[in-house]
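The exercises below are meant to be worked with the sequence and the model open side by side. Each task is followed by a solution that goes step by step.

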Amino acid sequence: MKDRYDVLVIGAGPAGSIAAKTAAEKGLDVLLIEKRQEIGDPVRCAEGVNKEYLKKHVEIDKQWICADLKGSYIFSPDGTRIEMAEEISGGEVGYVLERKVFDRALAEQAAAVGAEVRVKTRATGLIIEDDFVKGARLMHLGKEYEVRASIVIGADGVESKVGRWAGIDTALKPIDIETCAQYLIAGADVNQEYCEFYIGNEVAPGGYVWVFPKGEGKANVGIGILGSKMGKFKPRPVDYLNDFLQKRFPDARIVEMVFGGVPVSGSIEKTSANGLMLVGDAARQSDPITGGGILNAMDAGKLAGEAAYAAISAGDVSLGKLEEEYEKKWRATVGHEIDMSLIVKNCFINLTDADLDSLAHSLKDVKFERMSLLDLLQALFKANKKLLWDLRVLFKDAAKEVIKNRT
Amino acid sequence: MSININRYKCGYCGACVGVCPKGALELVETWIEVDESVCIVCGICDRICPVGAIEVMK
């Protein structure tokens, strides 16, 4: 480990590794650090990603694909099943990954193009001089180091500290986080071609239960509960999960336990500072409805890597320059999507189970293979007029889509 | 006032660290460190923990 790099990336998840790889490919001197001793482990994820989207970033390697999906089923509280074909299911189905292998492969790709990778290396604070982030203090195997860099990229996940150290308030309020528990189960009868989602206040207040096949009869069965619906004396996600498992897969054997927190805040006010960018969960870039974040993280990581190159080449790593090169670009793409999702999330968390059932009944007849946002809005109107009014902001997008389809 | 973390129960997910308004918690590998000089005993970490490994006593 040297004491000076062009770019220091803190956290070797998908966001950090793609950022490091992108910057290194452009010829920058990059250090990628990971506080844990193993990249990708422990997993804190349900591991589903959209196929086509993933191919934009990496060549698919069978080693980290566990299941290839045809679509998903959503179950409303009364058990009404809605089927969604893969191509319109949103960003969260397609492949179910093995994150332990996938995350490490991404870090290896960053290393292959020249980034230095250090595991068991934790950032303990930033070096800030003249209001500019100039590097970080690191701890590796109990020894402290000071590493300077023109740009620091914070990719340190849900528990991010890097932003806070730079004066960006990334603290999540209870309504901004889904708190999750998941089991990898074996020995149960799991449909290996479809994901399942269960919604309703009884099974998962303000969230959902998921069943993601993982190949060879296994599945990730997990739950996310909205933090604002939790309380000291209320059941925990793990309690809800145990109940669900008992009912749906009574014979399942639990071969792994996973816990996690997923930001569902929508885009936060600021993700850059002088000499600093935040990416992925650290920048709260996961989707507020689905909780999916891998692809957004990879998109943002790429943008941040490119922005680092542009800023360093121009000799200007100020907030203004990073806003232009990174902030503006991610807000126009990933940011727009998650802000739209936030509007939907805020409507959905207030629906009763009866509302959800009535919605499911009217969606049942929609031909989902060819579903457009307009079809969905019509179905929503049938089910719940108030919901449609609450979601009126989305009309703009629907109108755009209709116009696009006509031309 | 105190904050107790049951490390035999903790799933080291970092959710509590993400919600701490004061940045008083830190996840280091498989344990949570608490900076008691910063903690305001607000109890949000206790409320958010998916397994109930944190107990905040006011």
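Helices and strands here are DSSP runs, a helix having at least four residues and a strand at least two, and they are numbered from the N terminus. The model is predicted.

**Exercise 1.** Locate Glu216(A) and Pro42(A) among the strands of chain A, and state what the backbone does at each.

*Solution.* Begin with Glu216(A), which lies in the loop between β14 (208-215) and β15 (218-226) of chain A. Its phi is positive, about 50 degrees, although the residue is not a glycine. Turn next to Pro42(A), which is found in the loop that runs between β2 (30-33) and β3 (48-49) of chain A. The peptide bond joining Asp41(A) and Pro42(A) is cis, with omega at about 0 degrees.

**Exercise 2.** Compare the end-to-end distance of helix α7 of chain A with that of a straight helix, and find where the helix is kinked.

*Solution.* Helix α7 of chain A covers residues 319-348, and a straight helix of its 30 residues would reach 44 Å at 1.5 Å a residue. In the model, however, its end C-alpha atoms are only 36 Å apart. Looking along α7(A), one finds a kink of about 45 degrees, centred on Gly335(A).

**Exercise 3.** Explain how Lys55(A) and Glu52(A) are placed relative to each other in helix α2, and give the distance between their closest N and O atoms.

*Solution.* Because the two residues are 3 apart in helix α2 (residues 51-57) of chain A, Lys55(A) and Glu52(A) are separated by about one helical turn. Lys55(A) forms a salt bridge with Glu52(A), and the closest N and O atoms are 3.5 Å apart. Over all chains, the count of salt bridges comes to 24.

**Exercise 4.** Describe the interface between chain A and chain B, going from its extent to its polar pairs and then to the elements of chain A that take part.

*Solution.* First, 31 residues of chain A are in contact with 26 residues of chain B. The area buried between these chains is about 2300 Å², with carbon and sulfur atoms giving 54% of it. Lys161(A), Arg236(A) and Phe259(A) supply 23% of the area that chain A buries against chain B, more than any other three residues.

Second, 4 salt bridges are found across this interface; Lys232(A), for instance, forms a salt bridge with Asp46(B), their closest N and O atoms being 3.7 Å apart. Residue pairs in polar contact between the two chains number 17.

Third, β9 (121-129), β12 (177-186), α5 (237-248) and β16 (253-263) of chain A each supply at least two residues of the side that touches chain B. The residues on that side of chain A divide into 12 nonpolar, 8 polar and 11 charged.

Methods
Residues numbered from 1 in each chain as written. Chains lettered and ligands numbered in written order. Predicted model: local features only at pLDDT ≥ 70, side-chain atom pairs only at ≥ 80, totals over all residues. Heavy atoms only, no water. Contact = heavy atoms within 4.5 Å. Buried area = accessible area lost by both parts, 1.4 Å probe. Salt bridge = Lys/Arg side-chain N within 4 Å of Asp/Glu carboxyl O. Polar contact = N/O pair within 3.5 Å; in protein donor to acceptor, adjacent residues only side chain to side chain. Nonpolar A, V, L, I, M, F, W, Y, C, P; charged D, E, K, R; others polar. Expected span 1.5 Å × (residues − 1). Bend = angle between axes of the 7 residues up to and from the residue.
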